[in-house]
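This briefing goes through selected features of the structure shown below, grouped by topic.

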Amino acid sequence: MTTELRVLRPSEWNEWFECLELAFGGVAEPPEQRELYEQLTEHERSIGIWDGDDVVATAGAFSFRVAVPGGALVPAAAITMVSVASTHRRRGLLTSMMRRQLDDIRALGEPIAILTASEPAIYGRFGYGTASQQMSMTIEKDRVRLTVPPGTDEVRLRRAKPDEAMAACEGVYEQLVPGRPGTPVHAPGWERKPMVDPVSSRQGASAQQCVLAERDGEIVGYVTYCIKPEWEPSGPNGTVSVNDLGALDPAAYAALWRFVFEIDLMKTVEARNRPVDDAVLHLVSDVRRCNIRVRDSLHVRLVELGAALEARTYRGPVDVVFEVEDAFCPWNAGRWRLTADAKGAASCRRTDDAADLALSVRELGSAYLGGESLSSLGLAGRVRELRAGALAEASSAFSSDTAPWLPRGF
């Protein structure tokens, strides 16, 4: 029987989502999560492959705007819910969905696509490059102290019910977005996602808790966290897990971290998703006791190369010609001249001039947010320098003062 690739109908969502769940191990999402995902699904941007009456592959996209170096918010397709049934491997189903999605994204005029990968090796062949990292920490609280900046004691902290604090937390989050490349601005409804807290997912921990930081009556920061009490014969051995923490100034930031460190009966502080340049690394007394781990996070695909490179700013003047390989989106292939002035404003146009650097669109995606160095990619043989000095020039221009970060998944 032949398969059919088409847009998801709203009445088919349950079957479509069950296909996704089965591909990820067959464990059903908690009802609260499932209900929210159904509400957030953009059906017109969700596709599937049917074999007769059975859904055998899924893929979706959310309509986001993402911060890029310079603070601009660039339209982006956030690719999500990608799966292929194990009974239908090696038939080109994933490739056909990736092809359909990128064609649709281009037609919508979105210059980039983003995703997080269950396995990072999957998406490189479709032109996605790893563009940001996330840091996790397991901190031995009794071996680490914090040194806080002046003004920390002036910040007022107060507890709030997570659902009632939702708007306040989102207000802080939105103010932080332009300063952190890779951070998305979400469509209405997404503010509920960090607050979904099903009992079945807590693994013995408490319900999510929230503390707000205030100064002069204004909310300047927040932290959401949960607590898992444990006891040993020698005493308490609990863990506090930081889910989300953001603040508008150093004093508020330090006040929230200090609060987390001082929660009674806790031996360990965990944070599973922080930026790799998190300021807390400069507050702790012993970074070795923070047990830091780093892994890939956001993957970026330039869909319209010229528009994407013009949407961000650059660290300084640059004039470089790229010879770009892009077999999956051939409209990007060929030579492009990127120029930027001293203020970072850019132009990227096709050219017949001699190339200075040769690379694939995947490397440009990795470097796009300023978190991956073109020079480092060059040392790995993934960027070839054709004009002496061009690699250092381009690498410096693409860099960012702030490491890119995806604070919330999608």
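Strand E8 (residues 156–160) pairs with E10 in the antiparallel sense, over five bridges. The model is a predicted one. E10 also pairs with strand E11 (residues 218–228), again in the antiparallel sense, over seven bridges.

**Strand E10 and its partners**

- Strand E10 covers residues 209–215 and is mostly covered, with five of its seven residues buried.
- In the pairing with E8, Arg156 stands opposite Glu214 of E10.
- In the pairing with E11, Ala213 stands opposite Gly221.
- The hairpin of E10 and E11 has two residues between the strands, and Asp216 takes a positive phi near 55 degrees there.

**Other positive phi values**

- As background, most residues other than glycine have a negative phi.
- Met81 is not a glycine, yet has a positive phi of about 55 degrees.
- Met81 is found in strand E4 (residues 73–84), and counts as buried because its relative accessible area is 11%, where the limit is under 20%.
- Gln203, also a residue other than glycine, has a positive phi near 50 degrees.
- Gln203 is placed in the loop between strand E9 (184–185) and E10.
- Gln203 counts as exposed because its relative accessibility is 66%, and exposed means over 50%.

**Nonpolar cores**

- The largest nonpolar core has 55 residues, and Leu302 and Tyr368 are those with the most contacts inside it.
- Leaving aside residues up to four places away in sequence, Tyr368 touches Val68, Pro69, Val74, Ile112, Val300, Leu302, Ala308, Leu309, Ala311 and Arg312.
- A second, separate core has 31 residues, including Met135, Val220, Trp257 and Phe259.

**Nonpolar surface patch**

- Val276, Val287, Ile292 and Val294 make a nonpolar surface patch of about 280 Å².
- Val276 is placed in the loop between strand E15 (266–274) and strand E16 (293–296).
- With a relative accessible area of 33%, Val276 is partly exposed; it can therefore belong to a patch, for which the area must be over 30%.

**Salt bridges**

- Side chains of opposite charge can pair when their charged atoms come close.
- The structure holds 30 salt bridges.
- One of them joins the side chains of Arg6 and Glu12, at 2.7 Å from N to O.
- Both Arg6 and Glu12 are buried.
- Arg6 and Glu12 are also linked with Glu4 and Arg9 in a network of salt bridges.
- Another salt bridge joins the side chains of Arg335 and Glu323, at 2.6 Å from N to O.
- Arg335 lies in strand E19 (residues 334–340) and Glu323 in strand E18 (residues 318–325), so this pair ties together parts that are twelve residues apart in sequence.
- Arg335 is partly exposed at 32% relative accessible area, and Glu323 is partly exposed at 27%.
- The side chains of Arg387 and Glu393 also meet in a salt bridge, at 3.2 Å from N to O.
- Arg387 has a relative accessible area of 30% and is partly exposed; Glu393, with 25%, is partly exposed as well.

How values were computed:
Residues are numbered from 1 along each chain as its sequence is written. This is a predicted model: local features need pLDDT of at least 70, side-chain atom pairs count only at pLDDT 80 or more; totals for chains, interfaces and linings use all residues. Side-chain values use heavy atoms; hydrogens and water are left out. Buried means under 20% relative accessible area, exposed over 50%, partly exposed in between (1.4 Å probe, protein chains only). Helices (H or I, at least four residues) and strands (E, at least two) are DSSP runs, numbered from the N terminus. Two strands pair if DSSP finds at least two bridges between them. A nonpolar core is a set of buried Ala, Val, Leu, Ile, Met, Phe, Trp, Tyr and Cys residues joined through side-chain atoms within 4.5 Å. Contact means heavy atoms within 4.5 Å. Patches are made of residues with over 30% relative accessible area and no salt bridge: like charges are joined within 9 Å, nonpolar side chains (Val, Leu, Ile, Met, Phe, Trp, Tyr) within 5 Å. Accessible areas come from the Shrake-Rupley method with a 1.4 Å probe; for residues, only the protein chains shown count as cover. A salt bridge is a side-chain nitrogen of Lys or Arg within 4 Å of a carboxyl oxygen of Asp or Glu.
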